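Visitor: I would like to take a close look at a single part of this model, the place where its two chains meet. Could you walk me through it with some care?

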Number of protein chains: 2
Amino acid sequence: MNYTKCWLDYKKLPEEKIRSSYSHPVLLASGEIAETAAKEYQMAMKEMLGESVEVCYEIMEEPSVCMEVDPEYSFPEEKVKNQSEVILNQSFVIYEEEESVIISGRTEEALLQGVFAFLRMVQLDNLWENLPYCCIPSMPLRMMNHWDDMDGSIERGYSGRSFFYDNYEILYNDRTEMYIRLMASIGINAIVINNVNVHEKETYLITDVYLNQVKQYADLFARYGIKLLMSVNFAAPMELGDVPVSDPLDTEVVKWWEKAVAHLYEVIPNFGGFLVKADSEGRPGPFTYGRTHADGANMLAKVLKPYGGIVVWRCFVYNCGQDWRDKKTDRARAAYDHFMDLDGTFDENVILQIKNGPMDFQVREPVSPLFGGLKKTNMMLEVQIAQEYTGQQIDLCYLIPMWKEILAFDTYGEGEGTTVDKVVSGKTYGQTNCGIAGVINTGDDENWTGNDLAAANLYGFGRLAMDTGLTAEEIATEWCRLSLSDSDDVTEVVTPMLCGSWAAYEKYNAPLGIGWMVTPHYHYGPDVDGYEYDRWGTYHRADLHGIGVDRTMKGTGYVSQYNEPWCSIYADMEQCPEELLLFFHHVPYNYRLKTGKTLIQHIYDTHFEGVEEVEKMQQQWATLKGKVPDRAFECVEERFERQLANAKEWRDRVNTYFYRKCGIPDEKNRKIYE
Amino acid sequence: MNYTKCWLDYKKLPEEKIRSSYSHPVLLASGEIAETAAKEYQMAMKEMLGESVEVCYEIMEEPSVCMEVDPEYSFPEEKVKNQSEVILNQSFVIYEEEESVIISGRTEEALLQGVFAFLRMVQLDNLWENLPYCCIPSMPLRMMNHWDDMDGSIERGYSGRSFFYDNYEILYNDRTEMYIRLMASIGINAIVINNVNVHEKETYLITDVYLNQVKQYADLFARYGIKLLMSVNFAAPMELGDVPVSDPLDTEVVKWWEKAVAHLYEVIPNFGGFLVKADSEGRPGPFTYGRTHADGANMLAKVLKPYGGIVVWRCFVYNCGQDWRDKKTDRARAAYDHFMDLDGTFDENVILQIKNGPMDFQVREPVSPLFGGLKKTNMMLEVQIAQEYTGQQIDLCYLIPMWKEILAFDTYGEGEGTTVDKVVSGKTYGQTNCGIAGVINTGDDENWTGNDLAAANLYGFGRLAMDTGLTAEEIATEWCRLSLSDSDDVTEVVTPMLCGSWAAYEKYNAPLGIGWMVTPHYHYGPDVDGYEYDRWGTYHRADLHGIGVDRTMKGTGYVSQYNEPWCSIYADMEQCPEELLLFFHHVPYNYRLKTGKTLIQHIYDTHFEGVEEVEKMQQQWATLKGKVPDRAFECVEERFERQLANAKEWRDRVNTYFYRKCGIPDEKNRKIYE
């Protein structure tokens, strides 16, 4: 089995960087997670020092690295302000005491995080300048969603097959352990191990058919302080039991779930809970029985509550049988329309998981208005680390800048400054069941993520969830130094390349927020009209005069789902942020943008520029030959070739499409095919 | 196992129609096909008379139906003129002698055909007016191509799964026997039992893995006078043997085939030969080794020759990795460009199988120029009974009128009057290895063809191949009377409905010969730009000014592949048949057609009319409730519902697409969505 260690591939430290304390780890805590912390310390130090170190279980005279759990530890006043106990229990501090270093967590989980942080900083050679280092995680829940199916395929997976399943069997091997170490090292504390689309065989995951093997995972995850959750089929009582319905208010249904959950917790006492995609894209749900999503979610929540389990309920609910002729129905409105009226009706252990935008992980979308709407509901932000619409881990698209923008978006939910970050971290409304979820981009490819550079998104997701204050550049540089090379030569190329890649991708993709010009089903490569007459509610409405969807009050009225001032800003073509112009307005090709360019010229220009930027990235990467591991170099080199071909296809198809439609030539007279 | 008997579902004759001779069949021939003829006679008469009849083996005193083989039978002089022995040996005559009827064939095969013809005419109640009835088949080879795969699926199958294979096993049951009776009854004399795309497992069909089961088929087919052929993988020597290449000039390769074929004929002495799709859409072929298609075909032909086998070699060879930007490469040119230079170089037992048009079974294409080009090569016309691009047996599209047009097309190959019919029947150049092949539309659906009315295409293919002089109306009426109801009430509705259905389908499909506005891969339903930027060489080149592909000498030069006067006619926008206008020319939307309408108005009008015609067909069908079998009524009723939805989708998408592109409103102000 081949796999890399990604950012946990610790390199030997230069002699002058080695402190004597490193050789003397002391563990002043007991429990399996504490043992994990010590084990991780040992594994890392073996690589960094070049020799094994013994763990001591009591305080030493000599300088040491002391790992301790201190439930009473008092963080500095200014850091504790407005923080919940839940968050504080995940927090740790690293400080010097004479020549020793103390890593202190309020809990074992926090200690393990402290050890990973310590090791990272030692490897990055920035430990001492950062001490004392106090870490209070930004989000209570930092969750991975796997879209792995039990046949071994991964829905929207771009890096091989599942390492969880093959041919309806559960795998368990040393790759599983490497995986959980990677997850824990970036702060993940919850993982959903199966696809939200729960098919026939996957429905059995919560039964004895698979439960003992799932337990193996749960136990492993637990040793790393991570909860295991599963996606469930809302129709399970019908498919697995002999209950004739799945009505959440039916007592037989409730009894069925009670029994199933009781048994589940008997086998896996530390089980985390359920993720549910209901009434969406063909999945069953409460609508069938005239019930609300609150009825559905609360039913499961009540069943899970005695065991401390949670229900994560997805808000990705919309009509996927739309008629393209219908210009009033607007998919963008769907999540808000479905869930806003239910605010305040969900149980305490229900979390609504809300995609970052109102559509579906396009390269550019406005932020979902639900984050500014819901106030009495637990919320989790869902982003997609897997690059379904953003290059499928062939094209480079570093997503941290996008996620930073989303987190920084001011919803005005409680007046100015109510950023998404504050909403989903619980800081605005005081929730503790909240946070961020990422649809993971891993598979059984040797490098885990297809393109080596796509691992920066995986790493970055965790780091950002732990600390939303980190910049995209800081995360990129950290990842690059840990994963590719510690040399400035490399980071000086890779960091700006990563940080500019989303913008480059956006340039050669669908223009100004309109999205969806992709090959249907596959979602890679251009097909401008691919979804234009389809049933998915994803239209650009281009004609000979202009393009875009009118979502103002004269159009679908979607703008009204935003708090002011956004409602007015988005509704006004002149004020609307231009990167979202076509999402909110149908705009003539000769409309002048703030740059002074016409819309059509902007489309042409950005599409030519996008290709040029890819060519530049490709050239820059070529300079790294010999400076990064050969395997990674070749992998990325090959991806850049495919990306360049893709970017050219996007450029030519989009430009030709619009040139054929409007007949306006490129002012710069570049080649546009007729 | 449920299946209908289609047109072999003989009904009891009214008493006054029964002749005493019917009860006295006499068989004056021996051999297994002759026995089949007698058995078919008995089966049919049991239904038509309501009682069993005994076959007598010598001439009787009483009036009888006498079945005989007479190798010396002399057909009337005017019918024999220019007919080859091969054809005459397939001919039969039915005539009265006193109160008896004599069915006389030159061979057993011919006798069997005579018996089927006799039984059909008795059932249709038109026997006596037709006697003496002399039948000399129009085509020497009347072949079915099955695109069945061994997993049980059928490529481009629209009526269930394969009845030949399931899960890589060969099926044999009473359905197989019903199938071969249906084929023989319409004059089919050769069947290729597997898909031209020969995948891994199917490659083994010619080996001992499957050969004994294939033999069962071959033996059954033989009893009905039908040859069994198989599609083969040109790379079989590499995939099955340890030959490192498949170069047709490599002696190891030749040896491999010699050995394989020798064994094949050892097991199946009456084996018919091979069908080969080479160097096409990813299939292996001689190009890999720098050899020609003649090298490839002749190598196999020489191997098969000692056993009397033939090689049917498909001309569907084109570049399926084209660049949409490239306006010079023209897929329409490909077959002619590949094969024309090879004229005269193919062995006597090689037949080139040429699709009716230069593209791929679109609703409207010009006739392939190869039929007017090749003169020293055996040719077979390939049509698609399966309605891949013509409604997939959901939409009604009776194809006999299309095939009649193709057969009647004057190629001018040997001056005026050199119709495709004459070319592929061998009448023009004197070949005997030639004829017509149809990609069959059957599956394991109860009614064999999905839509009951699609069986008219199956029946009609055979009837037309036997007698290209039959009109589309005659065939439709025959089929309807045999399959649905003998009542005039029914035929008066069904015959015109069938005969107008292709025109109706064409109206709501891609306009004026341009084709390809279908959903990629599936090929059902509209997607105007679906293939426009793809790699398949199938473009419409629509922009804001006009639409169509310039295939004149100023464009791709495709017109030059036709003999005069076609070359000039097609090249001239004013003379070009309008149903093919956009195939040959890029035409402005405001161009006036001969009707006085602009092109764009024609597009709008035909698309509204197409839907209206479907509505009319649907209403007409509704009047047949109770007049045709309920099962058939309901099946077709349900198909018409789907067809109407499809036609509306075509109408709206095509009209909206062009309205958005050119902005010209409908003169009649009907609803076109914006």
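Guide: Between chain A and chain B the count of salt bridges is 6, in a model that, it should be said at the outset, is predicted. One of these pairs is formed by the side chains of A:Arg660 and B:Glu532, which meet with a distance of 2.8 Å from N to O. Polar contacts can be counted across the two chains as well, and there the number is 13 residue pairs between chain A and chain B, both residues of a pair being at pLDDT 80 or more. The side of chain A that touches chain B is made up of 14 charged, 9 nonpolar and 3 polar residues.

As for the extent of the contact, chain A contributes 26 residues and chain B likewise contributes 26 residues. The size of an interface is often given as the accessible area lost when the parts come together. For chain A and chain B the buried area is about 2,400 Å², and carbon and sulfur atoms give 50% of it. On the chain A side, the residues that lose the most area to chain B are A:Arg325, A:Tyr533 and A:Arg660, which together account for 33% of what that side buries.

Of these residues, A:Arg660 has already appeared as the salt-bridge partner of B:Glu532, and A:Arg325 deserves a similar look, since the structure as a whole holds 74 salt bridges over all chains and A:Arg325 takes part in one of them, its side chain meeting that of B:Glu649 at 3.0 Å, N to O. A:Arg325 lies in the loop of chain A between β12 (310-314) and α11 (334-339), whereas B:Glu649 belongs to helix α21 of chain B (residues 630-662), so this pair joins two chains.

To place chain B in a wider setting, one may turn to a sheet in that chain, an open one of 5 strands with mixed pairing, in the order β1-β2-β4-β3-β5. Its edges are β1 (25-28) and β5 (133-135) of chain B, and because each has a single partner strand, one side of each is left without a neighbour in the sheet. From one strand to the next the twist averages 15°. In chain B, β1 runs parallel to β2 (residues 65-69), to which 4 bridges join it, and within this pairing B:Val26 has B:Cys66 as its bridge partner. Helix α4 of chain B (residues 108-124) packs on the sheet, where it touches β1, β2, β3 (92-97), β4 (100-105) and β5, and its direction makes about 55° with that of β3(B).

How values were computed
Residues are numbered from 1 along each chain as its sequence is written. Chains are lettered from A and ligands numbered from 1 in the order in which they are written. This is a predicted model: local features need pLDDT of at least 70, side-chain atom pairs count only at pLDDT 80 or more; totals for chains, interfaces and linings use all residues. Side-chain values use heavy atoms; hydrogens and water are left out. Two strands pair if DSSP finds at least two bridges between them. Axes are lines fitted to C-alpha atoms, for helices over the stretch in contact, and angles run from 0 to 180 degrees between N-to-C directions. Contact means heavy atoms within 4.5 Å. Buried area is the accessible area (1.4 Å probe) that two parts lose on being put together, summed over both. A salt bridge is a side-chain nitrogen of Lys or Arg within 4 Å of a carboxyl oxygen of Asp or Glu. A polar contact is a pair of N or O atoms within 3.5 Å; within protein, one must be able to donate a hydrogen and the other to accept it, and residues adjacent in sequence count only if both atoms are side-chain atoms. Ala, Val, Leu, Ile, Met, Phe, Trp, Tyr, Cys and Pro count as nonpolar, Asp, Glu, Lys and Arg as charged, and the others, Gly among them, as polar.
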